[in-house]
Amino acid sequence: MNAPRCDKTEAWAALKGHFEAHGRDLDLREAFTRDPGRFDAFAVQAPEVFADLSKNLVDVATLHFLCDLARECRLEERRDAMLAGAPINATEGRPVLHTALRAPRGNGPHSQDVHGVLDAFLAYAEQVRDLARSGFTDVVNIGIGGSDLGPQMVVPALDAYVHRGLRFHFVSNVDGHDITAVLRGLDAKRTLFIVASKTFTTQETMANAHAARAWFAANGGTDTAHHFVGVTTNLKAAAEFGITTTFGFWDWVGGRYSMWSAIGLPVAIAIGAENFRALLAGAHAMDRHFAAAPLAQNLPILLGLLDVWYRNFHRFTSRSVAPYHQGLKRLPAYLQQLEMESNGKQVDMDGEAVPFGTSPVVWGEPGTNGQHAYFQMLHQGTDVIPVEFIAVKRAAHPLADQHTKLLANCLAQSQALMLGKSAEAAMAERAPTASASFDPAVLARHRTFTGNRPSTTLVLDALTPRSLGALIAMYEHRVFTSGALWGINSFDQWGVELGKALCNELLPRLASGDASGLDASTAGLLKKLRT
Ligand code: F6P
């Protein structure tokens, strides 16, 4: 599609002017004073997800210019092309159709194939959940990256829905400490291994799968066909490994977009077929919103536009994600792959180096834990880091008092980031832990917060399969939006190849000690690691 890159548009030039005139110095406190309706003006309701965008460094004109930018970059046509199955992953010659995985039966591309596999793996999941028949107590998912992070994030997030007779384990690292710790204490006769790998060639997964099979045999396991199941696009390799039960998916599903496919098998076993279908339905509802809502009310698009505004105009280099729900403890790790593997690119579709920043660093921890670790830097550090709070109105536990405290903390943090504290206010306060001999005026400067630090707060009513599906789909489409504007390919990952190839060259050298031809540092380290 002949769509311009963001920096080659008139809207980009207009945004630059707007940033210099009104954007750089926008003060959130003044903006709220000027406009008492600011909260409502910047509130967006998408399926299952409410967003308060009012604490972002934007005014109505900013969003107007950003929407112009999206139009000029033909974002909506690009979105429609993706949803229709055009081969938008041009460097790999593939369509990008994770949305087809959650379209209702009879809708969307490849529906028959998608629903055939979905029915099959959900039926299998139900068999496993029938513990009297299956005999399982433990499920071990062996996979890495997109074949691990989705299920590893969703299973604890939906803990309230998880089968109480089953324990779930995730092994990803080639580091043998990972699988050794998981296998310790497991009973081979009661353990199901899922070998999840799109390619079925990934070094880490294959090493762990072989280790699991050897452990299984050494611990009295006999029925490999019952205890090992495969999820892959490479059915032949799975069969060669000795796996007879395999669920497939397709090359038009990117690894980091694959939790909706059979890669979600551990999730389906954990929460059951009906809840898995609700997860898909929530994602589909967000897909419909992304496909149909006008730009100015389209939540994933607005978030993607904000990412461009912050990265390319304010030049913020990272975004912190703070889910105020312990179940979402793996969400930042999941988003790291989703965003940074998708948009960590330096050339556009034509191979031309982009003259602006692309993916921010995405990082975070659940609240309130992060508050007692790195929030100091968010409040008083020299870098401005937009924060994304995720609050869940209703808890799935009976400790109402603790949930109220959690929500108060969440609100307090975004408030503190925005309001800050002046030196005068600090001066007027008593600080019980401050040194009595320290100059009070200097102390007040240590206790000053500049404020005006931006944040977004996302609110879910409850963390359910449906709302989690919608939330994750929202993130996927947001990544698409910023990637499309930047003109990069969000769906390949060539950046992981070089390290893999060099590792294969170094492997025999670690065994033999041959350091000939290596750079001095690698040669020195090789020697150090062998002696
Ligand atoms: O890290 C590179 C990558 O290809 C990811 O994109 C993918 O999710 C992961 O490796 C695992 O790949 P596979 O599912 O083929 O084992």
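1. In this predicted model, an N or O atom in the side chain of T199 lies 2.6 Å from an oxygen atom of the ligand. Taken on its own, the ligand has 390 Å² of accessible area, and the protein covers 86% of it.

2. Backbone atoms also approach the ligand: a backbone N or O atom of G146 is placed 2.7 Å from an oxygen atom of the ligand, and a polar backbone atom of K198 is likewise 2.7 Å from a ligand oxygen atom. A reader checking the site at the bench may wish to view these contacts together with the one made through the side chain of T199.

3. The surroundings of the ligand comprise 13 residues, of which G146, S147, S197, T199 and T202 come nearest. Sorted by class, this shell holds nine polar residues, two nonpolar residues and two charged residues. As for the site itself, the space that the ligand takes up is the largest pocket.

4. Turning to charged pairs, a search of the whole structure finds 32 salt bridges. One of them joins R5 to D348, with 2.8 Å between the closest N and O atoms. This pair links distant parts of the chain, since R5 belongs to the segment before α1 (10-23), whereas D348 belongs to the loop between α16 (331-343) and β9 (361-364), and the two residues are 343 residues apart.

5. Two points of backbone geometry deserve a look. The peptide bond that runs from G367 to T368 is cis, its omega being near 10 degrees, and T368 is located in the loop between β9 and α17 (375-380). Separately, E48 has a positive phi, near 70 degrees, although E48 is a residue other than glycine; this residue is part of the loop between β1 (43-46) and β2 (49-52).

6. Which helix contains D401? D401 is found in α18, which spans residues 400-419, and its side chain makes a polar contact of 2.9 Å with the side chain of K405. Along the chain, D401 and E48 are 353 residues apart, and in the model their C-alpha atoms are separated by 25 Å.

Technical notes
Residues are numbered from 1 along each chain as its sequence is written. This is a predicted model: local features need pLDDT of at least 70, side-chain atom pairs count only at pLDDT 80 or more; totals for chains, interfaces and linings use all residues. Side-chain values use heavy atoms; hydrogens and water are left out. A residue is near a molecule or strand if one of its heavy atoms lies within 4 Å of it. A polar contact is a pair of N or O atoms within 3.5 Å; within protein, one must be able to donate a hydrogen and the other to accept it, and residues adjacent in sequence count only if both atoms are side-chain atoms. Accessible areas come from the Shrake-Rupley method with a 1.4 Å probe; for residues, only the protein chains shown count as cover. On a 1 Å grid over the protein atoms alone, a cavity is a set of points where a 1.4 Å probe fits but cannot get out, and a pocket is an open set with protein on both sides within 12 Å along at least five of seven lines; lining residues have an atom within 4 Å of a point. A molecule sits in a cavity or pocket if more than half of its atoms lie within 2 Å of its grid points. Ala, Val, Leu, Ile, Met, Phe, Trp, Tyr, Cys and Pro count as nonpolar, Asp, Glu, Lys and Arg as charged, and the others, Gly among them, as polar. A salt bridge is a side-chain nitrogen of Lys or Arg within 4 Å of a carboxyl oxygen of Asp or Glu. Helices (H or I, at least four residues) and strands (E, at least two) are DSSP runs, numbered from the N terminus.
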